[in-house]
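Work through the exercises below with the model open. Try each task before reading its solution.

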Amino acid sequence: MTDVLDQSYEQGPAKRPVFITVLCILTFVSCGLSFMSSVYGLATADKSEEALRAMSRLQQNDDNVPELFGNMGEGIAKMAEWTTTSQYLSLGNVLICLAGALLMWRLRKVGYFIYIFGQILPFIALYGMYAAVQNVPFL
């Protein structure tokens with residue numbers, strides 16, 4: 001009679017829920033694509049910065065540029081300064097999300113919190129870069 005009431009010893013190891021499996025697989029694919037994008041962005045950062053600086057100089061030196069653009073040249077110059085920094089932030093974000101997904105794949109609860117931090121981090125970085133380009137105080 002005890003065999004019928006207490007069968008907990010017959011249960012095997014915990015199985016991974018389907019949602020976690022799908023989330024982790026999508027995260028692995030996304031991290032791989034983002035990693036390749038970040039590495040390519042770092043490899044071509046010099047060309048991107050030069051192109052942005054050339055656009056800024058063109059806007060400042062050309063009298064035919066309509067007033068519609070205003071002080072866009074200054075913003076473009078500041079964006080050129082953040083080109084490499086944003087690629088490094090993206091690469092760090094990829095590594096944080098990948099670490100969280102790997103821990104979730106192994107059914108570790110702390111992986112979820114690392115993953116969520118990795119998903120929120122780009123918004124914080126985006127606001128920080130916007131604040132730097134627009135001369136807005138950051139917090």
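**Exercise 1. Secondary structure**

How many helices and how many strands are there in the protein?

*Solution.* This is a predicted model. Step one: count the elements. The protein has five helices and zero strands. Step two: put them in sequence order. The pattern reads α-α-α-α-α. Step three: look at the contacts with a separation of 6 or more. Of these, 64% join residues 24 or more positions apart.

**Exercise 2. Confidence**

Find where in the protein confidence is lowest and where it is highest.

*Solution.* Start with the average. The mean pLDDT is 79, and 71% of the residues score at least 70. Now go to the extremes. Helix α1 (residues 2–5) is lowest, with a mean of 43. Helix α2 (residues 18–43) is highest, at 94. Then check the start of the chain. Residues 1–6 stay under a pLDDT of 50, and the model gives them one contact beyond four places in sequence. Where pLDDT is low, the predicted coordinates should not be read in detail.

**Exercise 3. Surface and burial**

State what share of the residues is buried, then locate a nonpolar patch on the surface.

*Solution.* First, burial. Of the 139 residues in the protein, 24% are buried. Next, the exposed area. The protein exposes about 10,200 Å², and carbon and sulfur atoms supply 65% of that area. Last, the patch. Ile25, Val29, Leu33, Phe35, Met36 and Val39 form a nonpolar patch with about 560 Å² of accessible area together. One of its members, Val29, lies in helix α2.

**Exercise 4. Cysteines**

How many disulfides does a search of the whole structure find?

*Solution.* The search returns zero. Test Cys31 as a case. Its nearest cysteine sulfur belongs to Cys97 and is 5.4 Å away. The cut-off for a disulfide is 2.5 Å between sulfur atoms, so a pair at that distance does not qualify. Cys31 is therefore in no disulfide. Now classify by burial, for which the limit is under 20% relative accessible area. Cys31 has 7%, so Cys31 is buried. Cys24 has 0%, so Cys24 is buried too.

**Exercise 5. One polar residue**

Is Asn93 buried or exposed, and which residues does Asn93 touch?

*Solution.* Place the residue first. Asn93 is found in helix α4 (residues 72–105). Then apply the limit. Its relative accessible area is 16%, under the 20% cut-off, so Asn93 is buried. Finally, list the partners, leaving out residues up to four places away in sequence. Asn93 touches Gly118, Gln119, Leu121 and Pro122.

Technical notes: Residues numbered from 1 in each chain as written. Predicted model: local features only at pLDDT ≥ 70, side-chain atom pairs only at ≥ 80, totals over all residues. Heavy atoms only, no water. pLDDT = per-residue confidence, 0-100. Helix = DSSP H or I, 4+ residues; strand = E, 2+ residues; numbered from the N terminus. Contact = heavy atoms within 4.5 Å. Patch = residues over 30% accessible without salt bridge, like charges linked within 9 Å, V, L, I, M, F, W, Y side chains within 5 Å. Areas by Shrake-Rupley, 256 points an atom, 1.4 Å probe, with all protein chains shown as cover. Salt bridge = Lys/Arg side-chain N within 4 Å of Asp/Glu carboxyl O. Buried < 20%, exposed > 50% of the residue type's maximum accessible area, 1.4 Å probe, protein only.
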